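Welcome to this guided tour. Have your viewer open and ready, and we will go from stop to stop, selecting as we go.

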Amino acid sequence: MFDTLIANMQIARVLPEILLLIVAFLAILTDVILPRGRSTRGVQIVSVLGLLAVIAVSIFRRHDTGAAFSGMVVIDGYTTFFRVLLSALTLLVISVSERYLEVTRIRIAEYYLMLLFALFGMLLMVMGQDLLIVFLGIETMSISLYALVGISRHKHASNEGALKYFLLGAFTTAFFLYGIALTFGVTGSTNILDITLFLRNAGADTPIIAWAGAGLILIAFAFKAALVPFHWWSPDAYEGAPTTITAFMSTAPKAAAFAAFIRVFYTGFETMADGWTTILWWMAVVTMTFGNLLALRQDSVKRMLAFSSITHAGYLVVAFLTFGQQGAASILFYLVAYGIMNVGAFLVAIAVNRNEDDEKGYHFDDYRGLVFRRPGMAIGMLILMLSLAGIPPTAGFFGKYYIFSSAVNAGFVGLAVIGVLNSAVSVFYYLRLIVNMFLKDRDEATEGRIFWTGEMAQVVLVCVILVLLIGLFPDTLLTAAMGSVAMFQ
Amino acid sequence: MSLWLSTVVFIPLLGSLLLLAVPGSRKGVIRGVALAVMVIDFLVSLPLFWAVDATSSAFQFIEKAAWIPSLGISYHLGIDGISLLLVLLTTFLGPIVVFGSSGVTKHLKAYFVAMLTLQTGMLGTFLSLDLFLFYIFWEVMLIPMYFLIGIWGGTERIYAALKFFIYTMVGSLLMLVGILWIYFNVHIPGIGHSFDYTLIMRHAQFPAQAQLWLFAAFALAFAIKVPMFPFHTWLPDAHVQAPTAGSVILAGVLLKMGTYGFIRFAMPMFPEGVEYFKPLMLTLAVIGIVYGGLVSIVQPDMKKLVAYSSVSHLGFVMLGLFALNSQAVSGALIQMINHGLSTGALFLLVGVVYDRRHTRLISEYGGIAKVMPWYTLIFTVVALSSIGMPGLNGFVGEFLILVGAYKASPTAAIISATGVILAAIYLLWMLRRVFYGPLTNKANESLTDLKPVEWASLLPLLVFIVWIGVHPNTFLSKFAVSIETFLTQVVR
């Protein structure tokens, strides 16, 4: 009895997660051991090395697939894909945070610890094959993020953002739990595979309660992925959070939310897929459009990038509602592309920011004539902006291309047209930055010091090279994304 | 597999990488390298003129290699009689725009890097036989042109560059959706979905209703680029703000990509769409001809006058294409080349006095024939060619187009013929006000005549302006067969 229980745990399959927890605890120890003032650097180094190990283990053990913990979680190509992506994004953010923490005087090691725990939560989300595990993952991630948003204790905006995020997040939790409860009430299980079986047998007689349950879960995901009209927490949270955290929040947790979203709806509620198309169609349209309208009006680069991330989530919904393998693969591809280019862009924004006080900084004017001050940096930012705007030959272009291609393939031509028009609108605000960097002259009277560390330069360079490489030779990533979603029929 | 076409396409890009290695302060070296790259590219492409078999309408020197196999996208180039002259026009204008850039001093290295990248984008667009590859080249080209206008342009350059970018982007994104639709609705035996233009032409049968939508999506992208009335409003802004060489490229090559798009993609792929939209397209073409001419008359600025005259001249090209008979289409094709030569030359000529006086207002000049006799002579010849005087190139194109158009629609032809008269009015009137009469403005007394570098940029253009006018058959014969094939594809 006990032996089979152990055997069903398949503990080796969750080695990366175990390793991640060990790293997190080592990081806590490091913080305690090292003297104050120097401890953050130590914690950072431990985290970076640990994350590299997590990525390596995930890749080396990618062939050991199957369920673990009696079917509570599942390790497959999909899990591996997101393990690597999410750990890598966290790694990118952690590796450039030290200098930012110093400047903004948030020198507390908990910053790194929270990021590691958030990553742990995200990994649970993507591997969860049971709604309860997904729920645990979401909560672990969210609680860490609430703390991270509010980590600049002395800033009003940071506190406000954290509070709003927390309150609305608590609502989301309730929605999600109630959704699970209803689903359990109908199907008798919280396991995604069992739910699928039940719903398949029910066929056309799917009880209304099951629809209600799935609907509540959908709303919860929409909250986490900041889809309109469930995005209201995001402007304040994005703005109040330290910029490195904004970069993180607009990429990794969004990716994790979509990963779990796909797993739950493409497998668990698969038979109901068609029922959600209309709602998701409208959600995609308003998310893309609304994000754009908000981003157009910003004078702060940080807010522009944050709001445009809503638009990018809208593109993902376009692919999501096709409920097909290609759609899922295009989401995976886009999440990689978007993660890379967005983190890169935020880093440059941090470097150029003239005013250390977030609430007044990040103005477009700070970029005037940047190409004459820092040509390399300006050209890097140019490529990142072109990629965000979806202009070839960049990763962003291929990501969008692949998304709209899956939409056209599934017959959503109208939605694809709305999508590309939104993409054209987004060119306005991305070009605005390019105009400032390249077409306007320097304004030496007002320009501030650029802080640009070797770490940041390296990470931005890596992002730029990846954006171009994926743009010119997308085949490897496409094949990987396609292989990772093979289990969705 | 011959790599000839790839070589032609990528020499400029390699050249731009080479330029990056040159220190920015060595301006002479930078100009030299840019010129050398353009000349080499022209020389490499020139033998194509004889090598391409004009008795066949098939694509030649085909290169095909898998690029993104999982999406069915290939690197696929080929040339035929229709693209041949446009490719040669592009490479021919290459060295000329380097000469025409003698007035540029700011950020010279970046300028030529953009110029060379642009050249690769344009050549790739004319040679792509894979719809996806075509789209990539078409879009990539936007960026260097955006910077050419935006950095080296006039005072309103930022606005003009943005307008240029957004207009083109909106049109081309809708075309992208069209391309995607084609991909998923084409079933090539043994291959399945495909972006391959030759395969699509051979196997695809699109439903009539779909053809209307597809034609509309493609036509919008191309009509913006041409630009057809009423999508022309970006053009005067872009032209006036762009540096001289930028205007030459814009008029000479970029606008042709729109008309090329029609003749290569939109029309042969969707004959039902052509049938349905033909009256509308003819009407817009005629409106463009007359409107462009009328607006040109009242322009106080020489460059703006030439820019609006482009709207009129490109209207002729569109009229020819949609008249759908061999004379009109031949005329349209040769008119594409003519416009590249004549309007390119006009922009260079306007640039000559602009470099000296920093104004392009007609009212600032008058009687400068006395101080710049050679300049006056050349300007007059080019203006006459643009008007369509027999013996020069413009006449050949416009005559063929009008004859062909008369067969298709006498009304359209008769109204369009007024465009020729309007051209005579606006150009001759400008000539009179700028060159003849008394030399009233003292600032003009010290104007110097053409410099060697200006001669170098203008003479080659003049040679072809006369050559096409005297013996057009050298060129017409190159695409005659291709046009017959084109007509069988479009007219059922």
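Which helices of chain A each supply at least two residues of the lining of the second largest pocket? Keep in mind along the way that this is a predicted model.

**Stop 1: a pocket in chain A**

Select helix H3 (39–60), helix H4 (77–95), helix H16 (325–352), helix H21 (454–472) and helix H22 (475–484) of chain A: these are the helices you were asked for. The pocket they help to line has a volume of about 900 Å³. To find its centre, pick Val84(A), Leu85(A), Ala88(A), Val336(A) and Leu477(A), which are the closest to it of the 32 lining residues. H4(A) deserves a colour of its own, since it gives the largest share of the lining, 10 residues. Now colour the lining by class, and you should find 23 nonpolar, 7 polar and 2 charged residues.

**Stop 2: where the chains meet**

Next, show both chains and turn to the contact between them. Chain B brings 32 residues to this contact and chain A brings 37. About 3000 Å² is buried between the two chains, and carbon and sulfur atoms give 84% of that area. Select Leu71(B), Val177(B) and Phe184(B): together they supply 17% of the area that chain B buries against chain A, more than any other three residues.

What holds for charged and polar pairs here? The rule finds 0 salt bridges across the interface of chain B and chain A, while 3 residue pairs are in polar contact, with both residues at pLDDT 80 or more.

Stay on the chain B side and highlight strand S1 (60–68), helix H6 (131–140), helix H7 (142–152) and helix H8 (157–185) of chain B, each of which gives two or more residues to the side that touches chain A. H8(B) gives the largest share of that side, with 14 residues. By class, this side of chain B has 27 nonpolar, 3 polar and 2 charged residues.

**Stop 3: enclosed spaces**

How many cavities of 30 Å³ or more does the structure hold? There are 12.

Begin with the largest cavity, which contains about 90 Å³ of space. Its lining includes Phe99(B), Ser102(B), Thr244(B), Asp355(B) and Glu454(B). Helix H4 (81–100), helix H15 (326–357) and helix H19 (452–470) of chain B each supply at least two residues of this lining. Its make-up is 5 nonpolar, 5 polar and 2 charged residues.

Then move over to chain A for the second largest cavity, with about 60 Å³ of space. Among the residues around it are Met141(A), Tyr165(A), Lys224(A), Trp233(A) and Lys254(A). Helix H7 (131–149), H11 and helix H13 (252–268) of chain A each give two or more residues to this lining. Here the classes are 9 nonpolar, no polar and 2 charged.

**Stop 4: backbone details in chain A**

Finish by zooming in on the backbone. Select Val228(A) and Pro229(A): the peptide bond from the former to the latter is cis, with omega near 5°. Pro229(A) sits in the loop between helix H10 (208–224) and helix H11 (233–240) of chain A.

Another cis peptide bond runs from Pro392(A) to Pro393(A), with omega near 0°. Look for Pro393(A) in the loop between helix H18 (375–389) and helix H19 (395–409) of chain A.

Last, select Phe69(A), in the loop between strand S1 (66–68) and strand S2 (73–75) of chain A. Phi of Phe69(A) is near 50°, a positive value in a residue other than glycine.

Note on methods:
Residues are numbered from 1 along each chain as its sequence is written. Chains are lettered from A and ligands numbered from 1 in the order in which they are written. This is a predicted model: local features need pLDDT of at least 70, side-chain atom pairs count only at pLDDT 80 or more; totals for chains, interfaces and linings use all residues. Side-chain values use heavy atoms; hydrogens and water are left out. On a 1 Å grid over the protein atoms alone, a cavity is a set of points where a 1.4 Å probe fits but cannot get out, and a pocket is an open set with protein on both sides within 12 Å along at least five of seven lines; lining residues have an atom within 4 Å of a point. Grid points are joined across faces, edges and corners, and a volume is the space filled by probe spheres set on the points. Helices (H or I, at least four residues) and strands (E, at least two) are DSSP runs, numbered from the N terminus. Ala, Val, Leu, Ile, Met, Phe, Trp, Tyr, Cys and Pro count as nonpolar, Asp, Glu, Lys and Arg as charged, and the others, Gly among them, as polar. Contact means heavy atoms within 4.5 Å. Buried area is the accessible area (1.4 Å probe) that two parts lose on being put together, summed over both. A salt bridge is a side-chain nitrogen of Lys or Arg within 4 Å of a carboxyl oxygen of Asp or Glu. A polar contact is a pair of N or O atoms within 3.5 Å; within protein, one must be able to donate a hydrogen and the other to accept it, and residues adjacent in sequence count only if both atoms are side-chain atoms.
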